[in-house]
Amino acid sequence: MGAVQVLTMLAAVLRGKVAAVFIKSAGLAVNDLYARNIALVGAVSNLGLSFSAVQRLAELHEQGNVKKTENFARTVRTWVVITAVAGLLLGTIFAPVLSLFMTGAYDETWHFCLLAPVVAFTTLMGGEIAILKGLHQLRRLALVTALTAVATLLIAVPFYIWLGFRAIIPVLFLSTLAAMLLHLGTTYPLLPYRLCRINRVFLRDGRPLVRLGVAYVLAGVVATATELFIRTALKHQMRSWDELGLYAAGFTLIVSYARIVFVALDADFFPRLSAAVHDTNRSRILISKQTDALVMLMTPLLILFAMALPVLIPVLLTAEFLPVIPMVLCGLSYMFFKAIYTPAAYLSLAYADSTVYFVMETAYNVVLIGSVLAGYALGGLAGAGVGLSAANLFDLLAVTLYYRHRYGLAYERGTISFCFLQFLFLLAGLSACTIVFPAVRIILCLMVTCLSVCTSYMVLRRQNAQKSTVSTK
């Protein structure tokens, strides 16, 4: 999955480069708002089935009960179809409201109506992804992810070149349709596409699925509404769409390219944690090892990425986006903190504790709004980057302290000190990136990266030695 994400990232880089050239920063801002709209309507309508289904499917697959697995997959697909239709209707009905909220006028109503089918396509695709994850079909998931990246690139590039700004909606529509069809084609050989009759038995079987999904939906709605609110509020503080485009580009640089590290976690870790959650010792080991792996991968990646920003931004986007570098440097700790707490944050979902999950997500998003808006008011785009990092530091502390109390969260010996040491390396690398002289900046960043990698290597050697000792005993 990580290797496939390299291909996905390269495709995204090419697509982003073409978009930056042909639709400019204002077009990127509009595209970002459309994407947030799709996510908001989808979060309201899809009942979180693409996530809640994974837990139950993983349990049934672990038990080896083929018949129950097939029946549950049929139940999942039926609910997904229902929610896809609901998303289509909601997107169409509320298009005028969304246009007024996001642009301040009804002029874009027709455009938002055209985005409604994209919500349905995304929901249907999410159901098939849940089936692949629940059945541990990671090879197939990796293959369809790669095909989707290539298909999106082949659709986006010619349309952006041909239509420019007007290509935004056609690209969203056609690329999502292609992705949905590719996922359906991948899962069909495993489980032919069949639906249930909508009756009392169907509603009864789907009740646990929907119960956990509703909490996931509400949390998703809060998260998406938070992103929309932040962008709308920033738009009122900023001078132009171009500046909002800089924020959107900065957020993408902070989040998207480092997301490669989390792909295997989402695809493989959550199903394994769901199957082992009632074994305290096993779940503790899983969370600790996953945290170690994420941190040792994330730290050198972030340092090297920060070092290369002056070169990468003109390549990935255009030179007009260079003013976003301070925001990215201040915001990269956002992803480091996320690498630490994300494995533990899955505990509430693995326990199907929907209330805790929703409360924790809501608290985080409230802090995120306050920190980003306050950061921008005090320090512009760089301050917004600091706000992003501060919000995730809050989430790290909240998850660690509360989940220790509620679920007995504990880490393996050495995990906390290892994370703290790697954070010091990250701060040293980011500080080196502020040096004006390129040669000095590069040498210092490479030195810190080497220290980070060497530390990770020693940790891995110690863990392997411990495993060998246990095996011998």
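**Figure 1. Welcome to the whole chain, in which buried residues make up 52% of the 473 residues.** The model shown here is predicted. Its secondary structure consists of 19 helices and 0 strands. Among contacts with a separation of 6 or more, 83% join residues 24 or more positions apart. The close-ups that follow visit three helix pairs, a few cysteines and one asparagine.

**Figure 2. Helix 6 meets helix 8 in a left-handed crossing.** Here we look at residues 109-134, which form helix 6, and residues 168-187, which form helix 8. Their axes come within 9 Å and cross at roughly 25 degrees. Angles under 35 degrees count as roughly parallel, so helix 6 is roughly parallel to helix 8. On the helix 6 side, look for His111, Leu114, Leu115, Pro117, Val118, Phe121, Thr122, Leu124, Met125, Glu128, Ile129 and Leu132. They meet Ile169, Leu172, Phe173, Thr176, Leu177, Ala179, Met180, His183, Leu184, Thr186 and Thr187 of helix 8. Sorted by class, this contact between helix 6 and helix 8 comprises 16 nonpolar, 6 polar and 1 charged residues.

**Figure 3. Helix 12 and helix 15 cross in a right-handed sense.** Helix 12 covers residues 280-307 and helix 15 covers residues 333-345. The two axes come within 8 Å, with a crossing angle of roughly 165 degrees. That angle makes helix 12 roughly antiparallel to helix 15. From helix 12, the contact takes in Ile287, Gln290, Thr291, Leu294, Val295, Met298, Thr299 and Leu302. Facing them in the contact are Met335, Phe336, Ala339, Ile340, Pro343 and Ala344 of helix 15. The residues where helix 12 touches helix 15 fall into 11 nonpolar, 3 polar and no charged.

**Figure 4. Helix 15 also has a partner in helix 17, and this crossing is left-handed.** Helix 17 spans residues 354-407, and its axis comes within 9 Å of that of helix 15. The axes cross at roughly 20 degrees, and helix 15 and helix 17 are therefore roughly parallel to each other. Helix 15 contributes Ser333, Tyr334, Phe337, Lys338, Ile340, Tyr341, Ala344 and Ala345. The residues to find in helix 17 are Tyr364, Leu388, Ser389, Asn392, Leu393, Asp395, Leu396, Val399 and Tyr403. This contact of helix 15 with helix 17 divides into 12 nonpolar, 3 polar and 2 charged residues. Readers coming from the previous view may recognise Ile340 and Ala344, which take part in the contact with helix 12 and in the contact with helix 17.

**Figure 5. Asparagine 365 sits in helix 17.** With a relative accessibility of 3%, asparagine 365 counts as buried. Leaving aside residues up to four places away in sequence, asparagine 365 touches Val222, Ala223 and Thr226.

**Figure 6. A look at the cysteines, in a structure that holds 0 disulfides.** Why is there no bond at cysteine 454? The closest cysteine sulfur, in cysteine 450, lies 6.2 Å from the sulfur of cysteine 454, which is too far for a bond. A disulfide would need the two sulfur atoms within 2.5 Å. Cysteine 454 has a relative accessibility of 45% and so counts as partly exposed. Cysteine 419, at 7% relative accessibility, counts as buried.

Key
Residues are numbered from 1 along each chain as its sequence is written. This is a predicted model: local features need pLDDT of at least 70, side-chain atom pairs count only at pLDDT 80 or more; totals for chains, interfaces and linings use all residues. Side-chain values use heavy atoms; hydrogens and water are left out. Axes are lines fitted to C-alpha atoms, for helices over the stretch in contact, and angles run from 0 to 180 degrees between N-to-C directions. Helices (H or I, at least four residues) and strands (E, at least two) are DSSP runs, numbered from the N terminus. Angles under 35 degrees count as roughly parallel, over 145 as roughly antiparallel, 65 to 115 as roughly perpendicular and the rest as oblique. A crossing is left-handed if the near helix is turned anticlockwise from the far one by less than a right angle, and right-handed if clockwise. Contact means heavy atoms within 4.5 Å. Ala, Val, Leu, Ile, Met, Phe, Trp, Tyr, Cys and Pro count as nonpolar, Asp, Glu, Lys and Arg as charged, and the others, Gly among them, as polar. Buried means under 20% relative accessible area, exposed over 50%, partly exposed in between (1.4 Å probe, protein chains only).
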